[in-house]
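Colleague: Could you take me through one part of this assembly closely, namely how two of its chains meet each other? Please spell out the cut-offs behind each term as you go.

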Number of protein chains: 4
Amino acid sequence: MIPRYSRPEMVAIWSPETKFRIWFEIEAHACDALAELGVIPKEAARAIWERGGAAEFDVARIDEIERETKHDVIAFLTHLAEIVGPEARFVHQGMTSSDVLDTCLNVQLVRAADILLADVDGLLAALKKRAFEHKDTVTIGRSHGIHAEPTTFGVKLALAYAEFARCRERLGAARREVATCAISGAVGTFANIDPRVEEHVAAKLGLEPEPVSTQVIPRDRHAMFFATLGVIASSVERLAVEIRHLQRTEVLEAEEYFSPGQKGSSAMPHKRNPVLTENLTGLARMVRAFAMPAMENVALWHERDISHSSVERMIGPDATVTLDFALARLTGVVEKLVVYPDNMLKNMNKFRGLVHSQRVLLALTQAGVSREDAYRLVQRNAMKVWEQGKDFLEELLADDDVRAALSEEELREKFDLGYHTKHVDTIFRRVFGAA
Amino acid sequence: MIPRYSRPEMVAIWSPETKFRIWFEIEAHACDALAELGVIPKEAARAIWERGGAAEFDVARIDEIERETKHDVIAFLTHLAEIVGPEARFVHQGMTSSDVLDTCLNVQLVRAADILLADVDGLLAALKKRAFEHKDTVTIGRSHGIHAEPTTFGVKLALAYAEFARCRERLGAARREVATCAISGAVGTFANIDPRVEEHVAAKLGLEPEPVSTQVIPRDRHAMFFATLGVIASSVERLAVEIRHLQRTEVLEAEEYFSPGQKGSSAMPHKRNPVLTENLTGLARMVRAFAMPAMENVALWHERDISHSSVERMIGPDATVTLDFALARLTGVVEKLVVYPDNMLKNMNKFRGLVHSQRVLLALTQAGVSREDAYRLVQRNAMKVWEQGKDFLEELLADDDVRAALSEEELREKFDLGYHTKHVDTIFRRVFGAA
Amino acid sequence: MIPRYSRPEMVAIWSPETKFRIWFEIEAHACDALAELGVIPKEAARAIWERGGAAEFDVARIDEIERETKHDVIAFLTHLAEIVGPEARFVHQGMTSSDVLDTCLNVQLVRAADILLADVDGLLAALKKRAFEHKDTVTIGRSHGIHAEPTTFGVKLALAYAEFARCRERLGAARREVATCAISGAVGTFANIDPRVEEHVAAKLGLEPEPVSTQVIPRDRHAMFFATLGVIASSVERLAVEIRHLQRTEVLEAEEYFSPGQKGSSAMPHKRNPVLTENLTGLARMVRAFAMPAMENVALWHERDISHSSVERMIGPDATVTLDFALARLTGVVEKLVVYPDNMLKNMNKFRGLVHSQRVLLALTQAGVSREDAYRLVQRNAMKVWEQGKDFLEELLADDDVRAALSEEELREKFDLGYHTKHVDTIFRRVFGAA
Amino acid sequence: MIPRYSRPEMVAIWSPETKFRIWFEIEAHACDALAELGVIPKEAARAIWERGGAAEFDVARIDEIERETKHDVIAFLTHLAEIVGPEARFVHQGMTSSDVLDTCLNVQLVRAADILLADVDGLLAALKKRAFEHKDTVTIGRSHGIHAEPTTFGVKLALAYAEFARCRERLGAARREVATCAISGAVGTFANIDPRVEEHVAAKLGLEPEPVSTQVIPRDRHAMFFATLGVIASSVERLAVEIRHLQRTEVLEAEEYFSPGQKGSSAMPHKRNPVLTENLTGLARMVRAFAMPAMENVALWHERDISHSSVERMIGPDATVTLDFALARLTGVVEKLVVYPDNMLKNMNKFRGLVHSQRVLLALTQAGVSREDAYRLVQRNAMKVWEQGKDFLEELLADDDVRAALSEEELREKFDLGYHTKHVDTIFRRVFGAA
């Protein structure tokens, strides 16, 4: 998490202030439940809310206490006692640090997921808008970086829309994975705390009670969460790479928006580089990498060890902040993407007519030529276009074997572009529900 | 995928024979749809099913053709033509290789997922049986590898059950991710093939039509699939590590079943090593590693490149075969696990009474001692147990400051084991629906 | 390791036959040393070499024994006893299985490294040849996929040469990392075997004695080995990606050799796809992924656990076989790469004169214009070339502010291509020692 | 990089202040060389050193300029001009941003490597001291977590010493990998800058000139650097895991130092947890994870793209700061590790005499019993110790088949502990050069 690639709303989730506020709420909600159960006095619970709710926690003071105790939750509770006074002894009754830490982490991850969901929604809206705008903008489809057959730029964007719609589903599932609360005490047996406290705190925080925890909330949940972020980052990378390709000098079918004051190169003033999408490519590598330690975190020893903690202190903020930034940046790139339909056409026609080769192949087989022969006939004419810059249709018209099977009119009909876009509406209906 | 860590049913999914059979079915179902649409003769479709359905495809012959054409689907179609005869020219009309390859891969992954789901079911059954068997087997819970408070061995297994129940959910979601079919032709525009062909083939194969494909089925689906396998493998590792710990010489609370003929060491005949769970630890590392290239596969160039293919030829079989083997092995370990309740008790009592320290702490605070003072009182007596082997209860009884707050009776009551297990039924009801 | 991406020489290293032969040699060399030390009879050592040296080990028989004993080395020793007779009881005296397994693995990795070193040498030779062939073939250098300034195709290949020369160094270091031998007995104390046995076996096998082993050879060595393979694979990917870019339809500056019978697409006969380099991209992802479990293997428990074993049974062959195949394939691609110097020139001139923008910028500053002003002057003319297809030199000549600083002659001189290639010889001398 | 796991010296390397100072030095050294070559006036070079050398660069001002230009090096140069005045126009002549950025990154990595080398030296010193202190402290060696045969605690530490001595070698190699300088201009052709400038700057900064760069310094160097850090982190994890095991309640052979004020648990005052080594386990996961994006960074497009940059802005600081912290923490743990030799003996004797089983096995075979029979004899007695707590020696003495081969005296001699430690001096000599 570095400022250059961070947005304040997500960063705020991971601030010490936010963390201590969530800790306080967990403790205070637990006090309410404990008071309701008669374990602690109701006035104590009320006092805790009143004095703690009004207070600003002093991060520096908590850090100071932690330096002595080497234990962060004890440091916080000591500071809380400084604020709340004698009633503070009723706080944390029967609980263990992990009850606070793990429930807090999940609250933070859920909030992070909510921002990411909003990010994806923003991206989907941008993609949809641009997809409809370019639904009929014909462009060459490429496999292996080589011209294949025509498609439309709108279909490219519809594909991205469908992909991020899937990412949205996955993110929703990932959010549910971590939306749990554990207030189960040491080793998770509820020996010192009634399970109803957990149920109360969970309900108040919008979480589900963890069915069985062992002091810690099981880390397979978090592994799944971060793995999902890694997959979403990989989809960010895919679209970023697509745009980088389209902006190549020789292709130039689309371009990141280049603001007036911007400089592409300290040495070469003419350069307009796809630096945002290149940046996204790198950010995706990072978010993806965080999936690995998250998975290694699953195999904690017995009821818990704390090896997961340092990992999560890093990837909790880093993965969510970086992906939030990346999604927002990608949304901006899509919204402002400069599209060059003319270049799309020019590129498509670079190899004169070659993109229609498959139609000719099919026509030949339907006219009774064996598949093997048809392939050979088409290929020998295609190679002349590829290597000598000839016009494909003219070569076919001049090939006696081809003409033996197909008339001039039949051949010319195979070079109609509309043929390739006739199902774009179908695709749009599938993706967007309407075309 | 190596024979030592493979089971035949999963291996069979990835054999050339299975693959060519699925290819044939995709092509033949497509022919049915094409015939229905009037694109090819109905008799051709019928002939293809009849002759191809009856035939054994000759893998060696297909390989031979591929060596010349350097294209696997063309090689298969050529061989199919050798079997079917002239009607073969109607096969693959308007389709592209990826239609066959990608749909086939997804059929294989779905079948693999079905086996994995059955594996997880088997594991869940074993865990449930052993969990109820040991619901009340008291054992020490450990955090940081250090004795914490009592729990039961059944709770440990209930935790594993809940974890693998989550894995089952995730696996179901992963299965849905890849249960799609694409018959959309070059660059996915349906230019040469009616979308209804895709719908027909999908329905016949139990798949959903891919809303928008670009020659390839988007690889974010497969990234999510393999990432999920990595998470499940991490849960396998967690339980394996737990068992390895329990089998340590100094702990010996549980042990992998050791068959009569087995030898633990060529040098030391007394050794009984947790080799199955150690093996599972290593296998988990592999399955987890496969998530990374699967995620890198997402960013294909433009409408497709084939860089994903070599990765999938490896991890398709390797990840599924290895995880299948691991789940089955883990199930066997759980089913036959030798549990030593006596050792559990002996270990728990190693530090005489120390596991009850928190209860004493709570009792002191409830008796009006400040949290800080109570902590100090408990710790100074606990340290004598830890360092000098004293009995915790006796030390407390002899501590005047403690006695000023708590009577002998009150102190003795804090050393009741049943206190820690009183909510085991609650936990079981949450996990299994019944206790 | 799958046949499609395997070469026989590397595969042979990992066959059971090779493994058992190496096991035998380790045991037999150890017997020699033991006999020399008087621990076992010299005739026994001789008999073991004679009968074992002549024998073919029966892999199926060994597997059969292992199924009962569940221990591979014991199974091998039992089979060896069937061959050698009563003297077999002197085999493996004071040794432990890991002495055999770990030393064997290192012998295999050293042999694999030797093949990989030869592979890299082959690649270096191909790169050098093509680099000198195209030392003066001018092409546009690109940053961010955007035209930057001219370079030569030879310099591109010199860069790859320098990179793989570094890889060769790293591979040599990696080979040294794993060229160790351990015959130190259970937990590595030499309690039951004299350290001189280890020294003898090491010398005979071309290895160094492991200074301190604990039954196993420390796995940080293997982590470093596989991490190095991952880095080399990443360099393979870099060059593969470069070639894929050059073969793009719009660029077409170089192309993988396309053999006469080859078919690029089942649907589109004109296609010539960079399938080899795409394949290399995928293979690189796999080799890279194997570094991660190799690193996780380092943290074995106490003196050893066997979790590393399943990982190494997979990545030992998979990483080395795949990288061997990839290096050989890349060498073939480089050797036969079809280069299109005409297209390189055509592409370079796409934006008429723009590649000379930096020279003009420098000339302006040297003529006394401030850097900021010079940048603005150059950029405003560059943008007209970029956006309206104007000729850069003509625009500059017509710009009064530019002309106030630079004469026509001075401007024209800045458009000389030779200016950019004048240090190619320097670069070649640095890389190859000669130009 | 988070404060909790950071040390100031390493953090300082990555501060904006340090970065801009290095940028300045690169530019100023280049000016010296340019002045020497007569390209710019000597007085200009002098003025740049004088005014820039004395100035504090204003990070906030540079950030402000960057927000407009969206280019960090231009922003810096603009600010430098504000400080230096008109001579600033001679700065950066013929250079490109990457010349500054990449050379600076390598200076930072080299400085980071120097700190890490010092860290490893500190760790080695601590390991050596404790190894000699415990050279003869007998402890049980364990394979698979199961008691194997005796070794000494000093040997365990000697192993760690040898491992980190290897890490030191690797780190030295990694340092050399990145100790290069590139001042080669756009696309690396030296078109606008004489190679002697690069040579001068390299010499002044203690670097080697990069033989061939393409605007960027090739990223295989950095991949190797970060992969090496990942391997070292894995060795940190290994030793951390060893200590965590030794501190387990049931083992308690060694313990992290526990300071007086420290609290192990908010709930359980008796707990002393190995939290430092658990923390190291997590930190190792992070450093290891960073190897993956570093490897993905290698395959930049053509002469450069900037996708590597965001990755390096994160992992440059994160990997070096985290590993520095981890090595320092591990050194502290080793230095202050509390060792319990009595517990080591107690644990070793848990299974009465069983650790001597192999010696008995060997004695039986040497007495003429076949290996298979000897194994069976030993195992049947060993199992009685394991399962019924019998004494191994007594069981053997009472076994007629054993006694038929070995006398009582011969048997008793096999139970001598000194037998296992007789080669400890040999091992120490190998590792430390002296015993």
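Modeller: What follows looks at the meeting of chain A with chain C, and then at one helix of chain A. This is a predicted model, in which local features need pLDDT of at least 70 and side-chain atom pairs count only at pLDDT 80 or more, while totals for chains, interfaces and linings use all residues. Residues are numbered from 1 along each chain as its sequence is written, and chains are lettered from A and ligands numbered from 1 in the order in which they are written.

Between the two chains, 35 residues of chain A are in contact with 36 residues of chain C, where contact means that the C-beta atoms of two residues, placed from the backbone, lie within 7 Å. On the side of chain A that touches chain C, the elements giving two or more residues are strand 2 (146–152), helix 9 (220–247), helix 10 (275–289), helix 14 (357–366) and helix 15 (371–388) of chain A; helices (H or I, at least four residues) and strands (E, at least two) are DSSP runs, numbered from the N terminus. Helix 15 of chain A gives the most to that side, with six residues. By class, the side of chain A that touches chain C has 16 nonpolar, 11 polar and eight charged residues, with Ala, Val, Leu, Ile, Met, Phe, Trp, Tyr, Cys and Pro counted as nonpolar, Asp, Glu, Lys and Arg as charged, and the others, Gly among them, as polar.

As for symmetry, a rotation of 180° with 0.0 Å of shift along its axis superposes chain A on chain C with an RMSD of 0.1 Å, the fit being by least squares on the C-alpha atoms of residues with pLDDT of at least 70 in both copies. That is the relation of a two-fold axis. Of the residues of chain A, Glu250(A) comes closest to the rotation axis, with its C-alpha at 2.9 Å. Because 100% of the interface residues of chain A are also interface residues in chain C, the copies meet through the same surface.

Turning to helix 13 (residues 341–348) of chain A, its buried residues are Met344(A), Asn347(A) and Met348(A); a residue is buried if 20 or more other C-beta atoms, placed from the backbone, lie within 10 Å of its own. Seen down the axis of helix 13 of chain A, these buried residues fall within an arc of 100°, so they line one face of the helix, the arc being that of the directions from the helix axis to the C-beta atoms. The buried residues of helix 13 of chain A pack against strand 1 (138–143), strand 2 and helix 7 (153–178) of chain A.

How values were computed: Buried ≥ 20, exposed ≤ 12 C-beta atoms within 10 Å, placed from the backbone.
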